[in-house]
Every structure is written in structure tokens, then in C-alpha cells.
Amino acid sequence: LVHGFDDAQGIFTLTVECEEVTLDCPGLGNFGDLCDDGDPATVDDVVTDDCECVGNPPIPGQVCGIPIEVTSLPYLASDNTLNYFDDYENTDIPPLAPDAIVNGTFSNFYFGGDDVVYAYTPAEDGMINVRLNNHGTWVGLFVITGCPFEQVVAAETASNDDGRFLEMIPVTAGET
């Protein structure tokens, strides 16, 4: 589409040419291109100078396969999502559980920024409360079962900087 701003118009010449592309690594792409090494325990997979697709091990908390383990309650942490990068997109959010606890509006758009993953596996059935304070705006808090993510059992998303409070979330012994 060639279009003039508002009602502007004028003469132009458009040229489109085809150029032969030679890949550094046929079947994979060029050096530095993104690829998938097939290993869910790696991130940032790229084509190397040796024509291999290689990923890097994530840091604890970067992805659900290597979360920060919460081994006992109560648990307290202060951190910054910037330290864990953006490894999930809006399409990665699992469906809501039929009996999910949702405060405010549920939105998958909160999966598009930097994120940190914690994991808790209770020894017995019970109820937990999850609170998030001292954060900026546009922050989402999600309690999700499984890895890969299976379903959202509790969530709170909002554009304000008020705390996020998810209370009386039922947990099952042995289920992360």
C-alpha cells in the first residue's frame, strides 16, 4: 500500500526485486537466528557458528521448569521481575479452572512482560494466601497448576499499584 497522508498525493516509482538467499546453516538458518533445540530446560536457543541449535540454561525463577522453590510457609521474597526476563507471552496463559478465584478482571495481557516463577508443592491439603505488595502498575499475580502450565486456579490483574491479594486458595498434597 502506498498512501499519502490525509489527501496528499504525488508521483512515485516502486521497485520490488528478488534476491537469492544463502543460509549459513541449511535447515536451521543463519548464525544467531532463533531456533528450538527441543530441550524445554533451555532458553534463548540460537544457531551457533557450528550450525547447531543451542540454548542456555535458565536461572531459577526464569521458567516454570526451573522455578524458585518455596519449601516452607510462611515465605517472603523481595525482587524485581526484570531479573528474570520475558519468557512467556499472552498465548502461554493456560485456561481458567472452573472454580478459579479471580479478583478484578482476568487478563492474559499480563503474560507479555518480565515474569518470575515460584513453585510450591504442599505436603498436605489445605488453603494458602498469596499477597503481592510494593509493586508498580500493570502487575498480574497468577496461581497456576503444573509445568507446563495446566490451569489458572487464582488470579488478580489490575493497572493500579494497589496490592494483589489471593486468599483461601485450596491446595492439594503433592500438586505443584
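Let's start at a turn: in the hairpin formed by β7 and β8, 5 residues sit between the strands, and Gly146 there takes a positive phi near 75°. Keep in mind that this is a predicted model.

Now follow the two arms of that hairpin. Strand β7 covers residues 139-145, and strand β8 covers residues 151-158. The pair runs antiparallel, joined by 7 bridges. If you want one pairing to look for on screen, take Val139, whose bridge partner in β8 is Ala158. As for its setting, β7 is largely enclosed by the rest of the structure, because 6 of its 7 residues are buried.

What does the hairpin pack into? The largest nonpolar core has 12 residues, among them Phe142, Ile144, Val152 and Ala155. Both strands take part, with β7 and β8 each supplying at least two residues of this core. Other members include Val43, Cys64, Ile93, Tyr110, Phe111 and Val117.

Val152 is a handy residue to click on. Leaving aside residues up to four places away in sequence, Val152 touches Phe142, Val143 and Ile144, and also a run of others including Ile93, Pro94, Pro95, Leu96 and Ala97. Ala97 itself belongs elsewhere: a second, separate core of 9 residues includes Ala97, along with Ile128, Leu166 and Val171.

Finally, look for open space. The second largest pocket has a volume of about 320 Å³. Of the 14 residues lining this pocket, Pro40, Thr42, Val63, Asp87 and Tyr88 are the closest to its centre. Two of these names, Val63 and Tyr88, also appear in the largest nonpolar core. The pocket lining as a whole divides into 8 nonpolar, 2 polar and 4 charged residues.

Terms used
Residues are numbered from 1 along each chain as its sequence is written. This is a predicted model: local features need pLDDT of at least 70, side-chain atom pairs count only at pLDDT 80 or more; totals for chains, interfaces and linings use all residues. Side-chain values use heavy atoms; hydrogens and water are left out. On a 1 Å grid over the protein atoms alone, a cavity is a set of points where a 1.4 Å probe fits but cannot get out, and a pocket is an open set with protein on both sides within 12 Å along at least five of seven lines; lining residues have an atom within 4 Å of a point. Grid points are joined across faces, edges and corners, and a volume is the space filled by probe spheres set on the points. Ala, Val, Leu, Ile, Met, Phe, Trp, Tyr, Cys and Pro count as nonpolar, Asp, Glu, Lys and Arg as charged, and the others, Gly among them, as polar. Buried means under 20% relative accessible area, exposed over 50%, partly exposed in between (1.4 Å probe, protein chains only). Helices (H or I, at least four residues) and strands (E, at least two) are DSSP runs, numbered from the N terminus. Two strands pair if DSSP finds at least two bridges between them. A nonpolar core is a set of buried Ala, Val, Leu, Ile, Met, Phe, Trp, Tyr and Cys residues joined through side-chain atoms within 4.5 Å. Contact means heavy atoms within 4.5 Å.
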